[in-house]
Amino acid sequence: MQAAHARAAPLPVIAVADRPRMSQRVAEGAARGVNVRALLRWAVAFTLVAAAALIGHAIATRSGLERLRDAAQHRLDMVAAGIDAELARFDYLPSLLEMSPNVLRLLDRPGDTQLRNDVNRYLQGINSTAGAETLYVLDRAGVGRAASDWDRPSTPIGTDLSFRPYVQDALAHGRGRFYGVGITSGRAGYYLSYALYDHGRQRGVATVKVDLEDMERTWRKLPGIVMLADERDVIIMSSREDWKFRPLAPLTPQVLADIGKTRPYGKADLLPLGWQVQEHLAADADIVGLGNTRYLATVRPVNQAHW
């Protein structure tokens with residue numbers, strides 16, 4: 001019988017709904033023929049590994065589950081470190097934009113075509129080195145004014161993004177974090193947003209969109225299933241494509257109304273996965289059921305991302 005091995009990406013990560021917009025746990029599990037659902041305050045990742053020979057045999061089962069849980073936690077440590085490291089690569093970009101006089105001038109003169117073209121190319125040059133999916137600047141009204149992808153149909157230039165949580169958080173608190181499907185691109189990504197200041201005065205918002213699909217694909221090489229869920233318990237990343245953008249349990253009308261306002265999941269139908277906790281083993285582990293299959297789910301916080 002094999003324990004799950006955490007890869008750089010294939011652990012199911014799940015974000016839970018009672019945490020405002022960010023925070024998560026990573027969990028792993030050993031799969032067999034029963035079900036598990038981890039009710040978490042933080043986003044979590046789960047690795048589900050076949051453990052048919054273990055589940056159902058008293059003492060042998062407990063010993064086997066302990067070994068699987070320990071191995072899963074080690075893999076989750078690796079997954080969490082990988083996510084944090086990938087996102088931390090872009091922390092320097094906002095300060096770089098604040099040092100550009102043209103970026104700040106454009107926020108004062110958004111109708112200046114030549115100035116906008118100069119800033120577009122400046123952002124494009126920065127992002128060619130940084131390697132984000134896109135880098136763009138919004139004014140204080142939340143409207144896109146310049147972007148590294150200025151020459152693509154999906155550019156956010158001219159789009160009102162004021163309703164998006166990462167824009168509202170940056171304007172209200174100085175920075176924001178958000179995972180969701182792009183309004184103009186239709187592609188999911190992780191958004192890092194920062195308020196831009198000039199002599200202490202807030203001028204706009206710099207946003208970096210990070211594509212995590214390559215990391216998500218690496219998760220598929222790990223034994224079991226890896227997934228990431230957001231604060232609503234909706235799976236936003238997973239080593240199983242058919243689990244993406246599915247909530248662990250049915251969403252309440254209030255949550256659905258909030259989703260309608262911020263549109264984080266694109267056109268997903270949000271069909272519940274049917275996650276059922278059958279047995280609580282420890283603070284970081286449960287036996288959960290999905291249909292006719294049982295899983296050992298191990299959970300770990302991903303501290304830096306705060307999804």
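Q: Which residue in β7 does phenylalanine 178 stand opposite?
A: Keep in mind that we're looking at a predicted model here. Strand β6 covers residues 175-181, and β7 covers residues 188-198. These two strands pair in the antiparallel sense over seven bridges. Across from phenylalanine 178, in β7, you'll find tyrosine 191.

Q: What is the order of the strands in the open sheet of five strands?
A: The pairing in this open sheet is antiparallel. Neighbouring strands are turned by 25° against each other on average, direction ignored. Reading across the sheet, the order is β5-β4-β8-β7-β6.

Q: Which strands stand at the edges of that sheet, and why is one side of each left without a neighbour?
A: Each edge strand has a single partner strand, so one of its sides has no neighbour in the sheet. The two strands in that spot are β5 (144-147) and β6 (175-181).

Q: At about what angle does helix α5 run to β6?
A: Helix α5 is made of residues 165-173. The helix lies across β4, β6, β7 and β8. Relative to β6, helix α5 runs at about 180°.

Q: Is arginine 109 buried, partly exposed or exposed?
A: Arginine 109 has a salt bridge with aspartate 112, at 2.9 Å from N to O. Its partner, aspartate 112, has a relative accessible area of 24%, so that one is partly exposed. For arginine 109 the relative accessibility is 42%, and values between 20% and 50% fall in the middle class. So arginine 109 counts as partly exposed.

Q: How many residues apart are arginine 187 and aspartate 211?
A: These two form a salt bridge, with the closest N and O atoms 2.9 Å apart. The pair links distant parts of the chain: arginine 187 sits in the loop between β6 and β7, and aspartate 211 in the loop between β8 and α6. In sequence they are 24 residues apart.

Q: About how many helical turns separate glutamate 213 and arginine 217?
A: This pair also makes a salt bridge, with closest N and O atoms 3.9 Å apart. Both residues are in helix α6, four residues apart. Because of that spacing, the separation is about one helical turn.

Q: Which residues are joined into one network by salt bridges that share partners?
A: The structure holds 16 salt bridges. Some of them share partners, and one network built that way joins Glu133, Arg187, Lys209 and Asp211.

Q: Is threonine 262 buried or exposed?
A: Threonine 262 is in helix α7, which covers residues 253-262. Leaving out residues up to four places away in sequence, threonine 262 touches Phe163, Arg164, Pro165 and Arg232. The relative accessible area of threonine 262 is 7%, and anything under 20% falls in the lowest class. So threonine 262 is buried.

Q: How many of the nine residues of strand β13 are buried?
A: Strand β13 spans residues 293-301. The rest of the structure largely encloses this strand, because the number of buried residues in it is seven.

Q: Which residue takes a positive phi in the hairpin of β12 and β13?
A: Strand β12 (residues 285-290) pairs with β13 in the antiparallel sense over six bridges. One of the bridge pairs is glycine 289 with arginine 294 in β13. Between the strands, the hairpin has two residues. The residue with a positive phi, near 60°, is glycine 291.

Conventions: Residues numbered from 1 in each chain as written. Predicted model: local features only at pLDDT ≥ 70, side-chain atom pairs only at ≥ 80, totals over all residues. Heavy atoms only, no water. Pairing = 2+ DSSP bridges. Axes fitted to C-alpha atoms, helices over the stretch in contact; angles between N-to-C directions. Contact = heavy atoms within 4.5 Å. Salt bridge = Lys/Arg side-chain N within 4 Å of Asp/Glu carboxyl O. Buried < 20%, exposed > 50% of the residue type's maximum accessible area, 1.4 Å probe, protein only.
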